[in-house]
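I opened my notebook beside the viewer and jotted down what I looked up, entry by entry. Please follow along with the chain on screen.

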Amino acid sequence: MCSSDLDGQVTQQAGQQIFQQLQQLLFPPPGQDSQQLQQQYSQLVQQYTQARSQGQITGPAVSTLSGAISALGAALGTL
């Protein structure tokens with residue numbers, strides 16, 4: 001097992017895509033309603049799940065991001 005497997009990684013592509021979803025979620029346009037917020041959060045979760053299943057997120061980064069996304073959902077009231 002190489003050290004990168006132990007460290008966990010997020011590929012540049014996955015990082016950029018998740019960051020874009022976060023920007024849309026955290027800085028919505030004026031007038032966005034709760035249904036749109038829920039939809040944005042769902043898209044973030046889907047992006048994370050897809051990246052994880054494609055091996056673009058590995059090791060401890062999996063649980064770290066999963067926990068952070070869940071905490072964000074709870075803070076936004078979308079869970």
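I take axes as lines fitted to C-alpha atoms, for helices over the stretch in contact, with angles running from 0 to 180 degrees between N-to-C directions. This is a predicted model, where local features need pLDDT of at least 70 and side-chain atom pairs count only at pLDDT 80 or more, while totals for chains, interfaces and linings use all residues. Residues are numbered from 1 along each chain as its sequence is written, and side-chain values use heavy atoms, with hydrogens and water left out.

**Entry: overall layout**

I found 4 helices and 0 strands in the protein chain; helices (H or I, at least four residues) and strands (E, at least two) are DSSP runs numbered from the N terminus. Read from the N terminus, the order is α-α-α-α. I then looked up burial, where buried means under 20% relative accessible area, exposed over 50%, and partly exposed in between (1.4 Å probe, protein chains only). Buried residues account for 24% of the 79 residues. The accessible surface is about 5,100 Å², and 52% of that belongs to carbon and sulfur atoms; the areas come from the Shrake-Rupley method with a 1.4 Å probe, and for residues only the protein chains shown count as cover.

**Entry: α2 against α3**

How do the axes of α2 and α3 cross? They come within 9 Å and cross at roughly 170°. The two helices are therefore roughly antiparallel to each other, a label for angles over 145 degrees (under 35 is roughly parallel, 65 to 115 roughly perpendicular, the rest oblique). I listed the contacts, meaning heavy atoms within 4.5 Å: α2 brings residues including A14, I18 and L25, and α3 meets them with residues including L37, Y41, L44 and Q47. The residues of this contact divide into 9 nonpolar, 6 polar and no charged. For that count, Ala, Val, Leu, Ile, Met, Phe, Trp, Tyr, Cys and Pro are nonpolar, Asp, Glu, Lys and Arg charged, and the others, Gly among them, polar.

**Entry: three residues of α3**

Is Q47, in helix α3, buried or exposed? Q47 is buried, at 16% relative accessible area. Leaving aside neighbours within four places in sequence, Q47 touches Q17, I18 and Q21. Q46 also lies in α3, but I noted Q46 as exposed, at 54%. The C-alpha atoms of Q46 and I18 are 9.7 Å apart, with their positions 28 residues apart along the chain. S34 is in α3 too and counts as exposed because its relative accessibility is 61%.

**Entry: α3 against α4**

I found α3 and α4 packed at an angle of about 175°, with axes 11 Å apart. That makes α3 roughly antiparallel to α4. The residues of their contact divide into 10 nonpolar, 3 polar and 1 charged. R52 in α3 is part of this contact, and so are S66 and G73 in α4.

**Entry: the core**

Which residues make up the largest nonpolar core? I counted 12 in all, among them A14, I18, L44, Y48, I57 and L72. Such a core is a set of buried Ala, Val, Leu, Ile, Met, Phe, Trp, Tyr and Cys residues joined through side-chain atoms within 4.5 Å. Helices α2 (12–26), α3 (34–53) and α4 (60–76) each give two or more residues to this core, and the largest share, 5 residues, comes from α3. Leaving aside neighbours within four places in sequence, L44 contacts I18, Q21, L22, L25, I69 and L72.
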